[in-house]
Number of protein chains: 2
Amino acid sequence: MADAAGSPVPHRYGNRPTMKDVAARAGVGLKTVSRVVNGEPGVTPDTERRVREAITALGFRRNDSARILRKGRTASIGLVLEDLADPFYGPLSRAVEEVARAHGALLINGSSAEDPAREQELVLALCARRVDGLVIIPAGEDHRYLEPELAAGVATVFVDRPAARIEADAVLSDCFGGSRAAVAHLIAHGHRRIGFIGDRPGIHTAAERLRGYRTAMAEAGLPVDPSWISLGPTDPDRVGAAARSMLDGPGPITALFAGNNRVTVTAVRVLAGRTLPVALVGFDDFELADLLSPAVTVVAQDAARLGRTAAEMLFRRLDGAAGEPRRVELPTRLIARGSGEIPPADRG
Amino acid sequence: MADAAGSPVPHRYGNRPTMKDVAARAGVGLKTVSRVVNGEPGVTPDTERRVREAITALGFRRNDSARILRKGRTASIGLVLEDLADPFYGPLSRAVEEVARAHGALLINGSSAEDPAREQELVLALCARRVDGLVIIPAGEDHRYLEPELAAGVATVFVDRPAARIEADAVLSDCFGGSRAAVAHLIAHGHRRIGFIGDRPGIHTAAERLRGYRTAMAEAGLPVDPSWISLGPTDPDRVGAAARSMLDGPGPITALFAGNNRVTVTAVRVLAGRTLPVALVGFDDFELADLLSPAVTVVAQDAARLGRTAAEMLFRRLDGAAGEPRRVELPTRLIARGSGEIPPADRG
DNA sequence: TAGCGCCTGGACAACGTTGTCAGAGCACGG
DNA sequence: CCGTGCTCTGACAACGTTGTCCAGGCGCTA
């Protein structure tokens, strides 16, 4: 029984025309079409015209999947980050995209949602697509799963946080130094009981910022009460509860150092409802920080620059730069706006 | 002269092992490896074990480029938006990504930077990659270039702004209604001289918001002085100058309606430096709007919902949903917070 | 033990493109 | 008139995977 439906040509991408179709219509050979499409020399103007006519008539567009298969380079890079919706990652993403564009590459994007399994799944999916390189803001604490990929030549640069248990290029902010400066700033304004609310301790940046806090306190000879430190998820509920408990407990804090932009925003909200002024410094700058009252003092890191630096490093590797994995650390900047300059209120 | 370098195998993706290599090492046929990799039935446990061992030993990972070429579906969708760094598009992007993920698809991302040529370039690059579908926030005013792609079966949904000169699915916010409500709100609080600063008039949302403004004014029987309206790029310099000229000219405005989040932010900055209070309503909600003083009244649209709705519509099309192009309009919501309730100051 | 069907495994072609190579056509000079 | 060298063109294989199809081996039954 002849089965018309079970034809030997199952899909053809929704019956898109191929170079073969164009060649047939133009009455030329397959390779000639390829030459025209790719602007290769050695085609008579007349032949070229015929081919171009056939291309527009058929609505042909080169199938890059086939091209990639043949050429071995995909001209695309992958970016895995925590959450595209986080205002910190928007500019970073965009910067990576701009660099990619300048190198003629497309960007494939994915959010890990801070879940190591999801990060790995995404990264491996990107490797299966044979992206030329990867920019990763890691969520996991073990990146050995990347070893075969690195060995196979997938260039990889980590941003914001370093890779764990493998050697790889990384571009980081000086979290430790920034935090130390932030806390020193509070101490300089007379604070002795300073709280720190940060992200989960497994996250490198959170750990570094905590270290900066501890160092600044130690350098000033100040004791740190364990109840002044709270690390964990940065959802408003948890952060709000942590802040309130530090403010309302015995020996309440007079200043708060917020470990990232999510925490800062919640802290601003909590403090806005208070009568006694509490000093605040936040890690990460954010839009309108200067227009709140008091304006929020922050440690600014340049997200776009992080992204740009990482992407440029990636393309240097792709262009053949060899050598040991490098770690670049970008400086942070304390922007004093007022909220960090509030002196400790007399709580006698 | 035998030339070792000019081997007939030029690249092999940095010498990654292929199924052939795995098959050779495991001592089985090519197709058997394929079966194991894809979890197809018909492989004895013992054979499967041998294959898996070879896979890990060689660090094999399936080449999805070849798979895509063969299968005709890429399991990826493209998202073209204006600027990934704009806080409005972050959540939208993320929502599209989540839906894509739920359907097992990857997201390829690009920013048009509000440049029609760049939009087209990006879209066509994505089509060449044979993305299964496209979500587009259009920058251009003529999308006929998409016709061959649509005819070839690339599902396409426009978001935030409709397609121009072609018929296509679209998910929009009710800009007209939202703006009308915003301006009516200002009028209800006693304002008669209300300014509008918006994006370039070629942008659909900007035009709709202007229409809402005009309609509300007309419905209240209020005249509109041309100097109260300013459309153009939303960079702080232009918006700031426009706002100042409306505030300082003859017959100064007593209230301002800001056409999008970029404009609102600049407006807040300008108004913060003023002594006479000026009422303000902004289109688009933004973080911390409630903590400014006065808190900023806004027309909120749900960016994540826009993205989600569009992506779901896209996948319904991919799953075979036929029919005429649909246009969905999502409601907006006026959130009164104070800045819109400032009565007009006595400027006698 | 012959016959039958089922299960496993592999050979082969195809997806649409590009690199290699050789052939066809032409002009020119000897 | 023919050889030489050039330009333009097309046939063919390969990229790595998956779908089709068939062969061989096994167990079961009559």
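**Entry 1: around DNA strand C**

I began with DNA strand C and counted 29 residues surrounding it, the closest being Met19(A), Arg70(A), Gly29(B), Thr44(B) and Thr47(B). I then looked at which part of the DNA is approached, and sugar and phosphate make up 60% of the atoms of DNA strand C that come within 4 Å of the protein. I keep in mind throughout that this is a predicted model.

Which polar atoms lie by a phosphate oxygen of DNA strand C? For Met19(A) I found a polar backbone atom at 2.7 Å from such an oxygen, while for Arg67(A) a polar side-chain atom lies 3.0 Å from a phosphate oxygen of the strand. From chain B, I noted Thr44(B), which has a polar side-chain atom 2.6 Å from a phosphate oxygen of DNA strand C.

I next asked which elements give two or more residues to the surface near this strand, and the list consists of helix 3 (30–37) and helix 5 (64–71) of chain A, together with helix 3 (30–37) and helix 5 (64–71) of chain B. Helix 5 of chain A gives the most, with five residues. Sorting the residues of this surface by kind, I got nine nonpolar, ten polar and ten charged.

**Entry 2: the sheet across both chains**

Turning to the strands, I traced an open sheet of twelve with mixed pairing, whose order is 11(A)-5(A)-4(A)-3(A)-1(A)-2(A)-2(B)-1(B)-3(B)-4(B)-5(B)-11(B). Strand 11 (327–330) of chain A and strand 11 (327–330) of chain B are its edge strands, each pairing on one side only. On average, neighbouring strands of the sheet are turned by 20° against each other, with direction ignored.

I followed strand 3 of chain A (residues 133–136) more carefully. It pairs in the parallel sense with strand 1 (residues 76–81) of chain A over four bridges, and there Leu79(A) stands opposite Val135(A). Strand 3 of chain A also pairs with strand 4 (residues 155–159) of chain A, again parallel and over four bridges, with Leu134(A) opposite Thr156(A). Are the residues of strand 3 of chain A buried or exposed? Gly133(A) and Val135(A) point one way and Leu134(A) and Ile136(A) the other, and all are buried.

In chain B, I checked strand 5 (residues 169–173) and strand 11, which run parallel and are joined by four bridges; Ala170(B) has Arg327(B) as its bridge partner.

**Entry 3: a helix over the sheet**

Last, I looked at helix 6 (residues 89–102) of chain B, which lies across strand 2 (106–111) of chain A as well as strands 1, 2, 3 and 4 of chain B. This helix runs at about 170° to strand 1 of chain B.

Conventions. Residues numbered from 1 in each chain as written. Chains lettered and ligands numbered in written order. Predicted model: local features only at pLDDT ≥ 70, side-chain atom pairs only at ≥ 80, totals over all residues. Heavy atoms only, no water. Buried < 20%, exposed > 50% of the residue type's maximum accessible area, 1.4 Å probe, protein only. Pairing = 2+ DSSP bridges. Near = heavy atom within 4 Å. Polar contact = N/O pair within 3.5 Å; in protein donor to acceptor, adjacent residues only side chain to side chain. Nonpolar A, V, L, I, M, F, W, Y, C, P; charged D, E, K, R; others polar. Axes fitted to C-alpha atoms, helices over the stretch in contact; angles between N-to-C directions. Contact = heavy atoms within 4.5 Å.
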